[in-house]
Amino acid sequence: MLVLDSGGVSRLARRRPDSAAVISVLQRDGWWPPLVPTAVVVEATTGRPDRDANVNRFLKTCDLLSELPEPIARRAAALRTRAGRGSAVDAIVVALAEPFGAVLTGDLQDLRALASHAEGVVVLRA
């Protein structure tokens with residue numbers, strides 16, 4: 001499973017050939033559609049429809065997770081405590097990618113710190 005944080009959403013939502021190429025590779029390799037928790041939507045949008053148009057269009061191609069199960073929330077808390085860094089949203093993203101999933105992010109340091117305590121989660125640069 002591929003989970004996107006706000007950096008991953010922002011990167012892939014760009015209407016540029018390089019973003020389309022990344023999406024094509026992800027589709028080809030079976031990582032599509034990605035999962036995006038709605039907490040990431042808070043970070044990836046502004047609340048202004050004109051500025052959010054590309055992100056909103058992109059999110060329609062993703063699987064959105066609107067409810068966070070308590071076991072995932074507790075796992076995210078444990079990851080964040082062990083890593084000693086990262087936001088709650090970052091920790092949720094990594095917890096959702098477990099086991100043996102991937103996270104696409106622009107925040108390599110925090111996500112890699114969290115993933116180092118997760119089961120088989122790979123962190124990829126957005």
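**Exercise 1. Surroundings of Thr105**

Task: In this predicted model, find which residues Thr105 touches, leaving out residues up to four places away in sequence.

Solution.
1. Locate the residue: Thr105 belongs to strand S4.
2. List the contacts: Thr105 touches Asp5, Gly8, Leu111, Val123, Leu124, Arg125 and Ala126.
3. Look for a polar contact: the side chains of Thr105 and Asp5 are joined by one of 2.3 Å.
4. Assign the exposure class: the relative accessible area of Thr105 is 0%, and buried means under 20%, so Thr105 is buried.

**Exercise 2. Helix H1 and its cap**

Task: Determine how many residues of helix H1 are buried, what they pack against, and which residue caps the N-terminal end of H1.

Solution.
1. Count: helix H1 spans residues 6–13, and six of its eight residues are buried.
2. Name them: the buried residues of H1 are Ser6, Gly8, Val9, Arg11, Leu12 and Ala13.
3. Find their partners: the buried residues of H1 pack against strands S1 (2–4), S2 (35–37) and S4 (102–105), and against helices H2 (17–28), H3 (38–44) and H4 (49–59).
4. Inspect the N-terminal end: the cap of H1 is Asp5, with a side-chain oxygen 3.0 Å from the backbone nitrogen of Gly7.

**Exercise 3. Salt bridges**

Task: State how many salt bridges the whole structure holds, then describe the pairs Glu70 and Arg74, Arg75 and Glu98, and Asp29 and Arg28.

Solution.
1. Total: the search finds seven salt bridges.
2. Glu70 and Arg74 form a salt bridge with the closest N and O atoms 2.7 Å apart. Because these residues are four apart in helix H5, about one helical turn separates Glu70 and Arg74. Both Glu70 and Arg74 are exposed.
3. Arg75 and Glu98 meet through their side chains in a salt bridge of 2.7 Å, N to O. This pair links distant parts of the chain, with Arg75 in helix H5 and Glu98 in the loop between H6 and S4, 23 residues apart. Arg75 is partly exposed at 24% relative accessibility, whereas Glu98, with a relative accessible area of 19%, is buried.
4. Asp29 and Arg28 form a side-chain salt bridge of 2.9 Å, N to O. Asp29 is partly exposed at 43%, while Arg28 is exposed at 61%.
5. A network of salt bridges links Arg11, Arg16 and Asp18.

**Exercise 4. The largest pocket**

Task: Describe the largest pocket by its space, its lining residues and their classes.

Solution.
1. Space: the largest pocket holds about 180 Å³.
2. Lining: the residues are Leu12, Ala13, Arg14, Arg15, Arg16, Ser19, Ala20, Ile23, Asn54, Arg57, Phe58 and Thr61.
3. Elements: at least two lining residues come from each of H1, H2 and H4.
4. Classes: the lining has five nonpolar, three polar and four charged residues.
5. Link to earlier exercises: Leu12 and Ala13 of the lining are among the buried residues of H1. Arg16, also in the lining, belongs to the salt-bridge network with Arg11 and Asp18.

**Exercise 5. Gly84**

Task: Decide whether Gly84 is buried or exposed, and find what distance separates its C-alpha atom from that of Ala113.

Solution.
1. Place: Gly84 sits in the loop between helix H5 (70–83) and helix H6 (88–97).
2. Exposure: the relative accessibility of Gly84 is 63%, and the cut-off for exposed is over 50%, so Gly84 counts as exposed.
3. Distance: Gly84 and Ala113 are 29 residues apart along the chain, and their C-alpha atoms are separated by 8.2 Å.

Key. Residues numbered from 1 in each chain as written. Predicted model: local features only at pLDDT ≥ 70, side-chain atom pairs only at ≥ 80, totals over all residues. Heavy atoms only, no water. Buried < 20%, exposed > 50% of the residue type's maximum accessible area, 1.4 Å probe, protein only. Contact = heavy atoms within 4.5 Å. Polar contact = N/O pair within 3.5 Å; in protein donor to acceptor, adjacent residues only side chain to side chain. Salt bridge = Lys/Arg side-chain N within 4 Å of Asp/Glu carboxyl O. 1 Å grid on protein atoms, 1.4 Å probe; cavity = no way out; pocket = protein on both sides within 12 Å on 5 of 7 lines; lining within 4 Å. Points joined across faces, edges and corners; volume = space filled by probe spheres on them. Nonpolar A, V, L, I, M, F, W, Y, C, P; charged D, E, K, R; others polar.
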